[in-house]
Amino acid sequence: MFSKIFGKPKEQSNALATLDKLNETLEMLEKKEKVLLKKASQEVEKAKEFTRAKNKRAAIQCLKRKRLYEQQVEQLGNFQLRIHDQMIMLEGAKATTETVDALRTGAAAMKAMQKATNIDDVDKTMDEINEQTENMKQIQEALSAPIGAAADFDEDELEAELEELEGAELEEQLLQPATTAPAATVPAIPAGRQPVRPVPQKSTAEDDELAALQAEMAL
């Protein structure tokens with residue numbers, strides 16, 4: 001049951017071990033490739049030395065060994081490419097497996113929650129909520145109903161009395177005399193003439209004070 005919900009740890013560990021093994025093999029092939037390239041380079045240098053020494057046969061032997069090393073390098077490169085392909089496919093399969101396991105876990109959790117939440121229980125809960133709401137509404141209406149002497153008052157009589165008061169007040173307003181005074185008339189100004197504003201005259205004290213201040217500033 002737990003393996004179905006949380007995936008298969010044994011298979012995941014096998015996949016990780018396989019990836020580690022492929023990585024180790026890839027590193028080993030890369031090291032061998034470097035060694036072979038170094039040997040091929042050394043054979044080239046030897047062929048140059050034999051060529052300068054006029055030893056043609058030895059130089060040709062060096063070039064043959066160089067080509068053999070290069071063929072092995074090419075073969076190692078093909079091996080590395082195959083290992084890279086295998087690692088990519090394995091990582092993709094691992095990601096697919098993890099995705100499926102995650103989806104399976106989510107589906108199992110959702111199924112468990114649906115099993116715990118029955119539709120009949122939901123309907124029953126909603127009926128209880130509606131019943132409690134209706135009871136609370138009735139309680140509030142009972143609390144807001146008038147009690148004592150206020151319960152004996154007739155609403156129609158109170159509304160009729162209110163209409164009589166409104167009519168009496170309107171009649172008093174109509175009988176009051178108009179007390180609004182007529183607006184004061186403003187004398188018209190002849191066209192083309194503007195009212196002359198009187199120019200304010202400064203007091204003599206202000207002139208004296210200004211003259212004294214200017215005299216001090218001149219000093």
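How many salt bridges does the count come to? It comes to 5, and several of them are picked up in the points below. Keep in mind throughout that this is a predicted model.

1. Overall make-up. The secondary structure comes to 6 helices and 0 strands, so if you walk along the sequence you simply read α-α-α-α-α-α. As for burial, 10% of the 219 residues count as buried.

2. Helix 3. This one runs over residues 56-116, 61 residues in total. A rise of 1.5 Å a residue predicts a span of 90 Å, and the C-alpha atoms at its two ends are indeed 90 Å apart, so expectation and model agree. Which of its residues are buried? The list is Ala-58, Ala-59, Cys-62, Lys-66, Tyr-69, Val-73, Leu-76, Gln-80, Ile-83, Met-87, Leu-90 and Asp-101. I'd look at the charged entries there, Lys-66 and Asp-101, and Lys-66 comes up again in point 5.

3. The loop before helix 3. Lys-54 sits in the loop between helix 2 (9-52) and helix 3. What is odd about its backbone? Its phi is positive, about 65 degrees, although Lys-54 is not a glycine. Is the residue buried or exposed? Lys-54 has 75% relative accessibility, over the 50% cut-off, and therefore counts as exposed.

4. Salt bridges around Glu-43. Glu-43, Lys-46 and Arg-65 are linked in a network of salt bridges. Take the pair within helix 2: Lys-46 bridges to Glu-43, with the closest N and O atoms 4.0 Å apart. Because the two are 3 residues apart in helix 2, about one helical turn separates them. In general, an α-helix has 3.6 residues a turn, so residues three or four places apart point the same way. Then there is the bridge between the side chains of Glu-43 and Arg-65, at 3.1 Å from N to O. This pair ties together distant parts of the chain, with Glu-43 in helix 2 and Arg-65 in helix 3, 22 residues apart. How accessible are the three partners? Glu-43 has a relative accessible area of 6%, so it is buried. Lys-46, at 37% relative accessibility, counts as partly exposed, and Arg-65 is partly exposed too, with 33%.

5. A salt bridge inside helix 3. Here Lys-66 pairs with Glu-70, the closest N and O atoms being 2.9 Å apart. Why are they about one helical turn apart? Because Lys-66 and Glu-70 are 4 residues apart in helix 3. Lys-66 has a relative accessible area of 16%, which is under the 20% cut-off, so it is buried. Glu-70, with 38%, is partly exposed.

6. Helix 2 beside helix 3. Another pair to check by eye is Lys-34 and Val-73: they are 39 residues apart along the chain, yet their C-alpha atoms are separated by 8.5 Å. Lys-34 lies in helix 2, and Val-73 is one of the buried residues of helix 3. Lys-34 itself has a relative accessible area of 62%, so it is exposed.

7. The nonpolar surface patch. Which residues form it? They are Ile-119, Val-122, Met-126 and Ile-129, with about 340 Å² of accessible area together. Ile-129 belongs to helix 4, residues 119-144. At 43% relative accessibility, Ile-129 counts as partly exposed.

8. The negative surface patch. What sort of charge gathers on the surface with Glu-155 and Asp-156? It is negative, and the other members are Glu-157, Glu-159, Glu-161, Glu-163, Glu-164, Glu-166, Glu-169, Glu-171 and Glu-172. Glu-172 is found in helix 5, residues 155-175. With a relative accessible area of 53%, Glu-172 is exposed.

Note on methods
Residues are numbered from 1 along each chain as its sequence is written. This is a predicted model: local features need pLDDT of at least 70, side-chain atom pairs count only at pLDDT 80 or more; totals for chains, interfaces and linings use all residues. Side-chain values use heavy atoms; hydrogens and water are left out. The expected span of a helix is 1.5 Å times one less than its number of residues. Buried means under 20% relative accessible area, exposed over 50%, partly exposed in between (1.4 Å probe, protein chains only). Patches are made of residues with over 30% relative accessible area and no salt bridge: like charges are joined within 9 Å, nonpolar side chains (Val, Leu, Ile, Met, Phe, Trp, Tyr) within 5 Å. Accessible areas come from the Shrake-Rupley method with a 1.4 Å probe; for residues, only the protein chains shown count as cover. Lys and Arg count as positive and Asp and Glu as negative; His and the chain ends are not counted. The place of a charge is taken as NZ of Lys, CZ of Arg, CG of Asp or CD of Glu.
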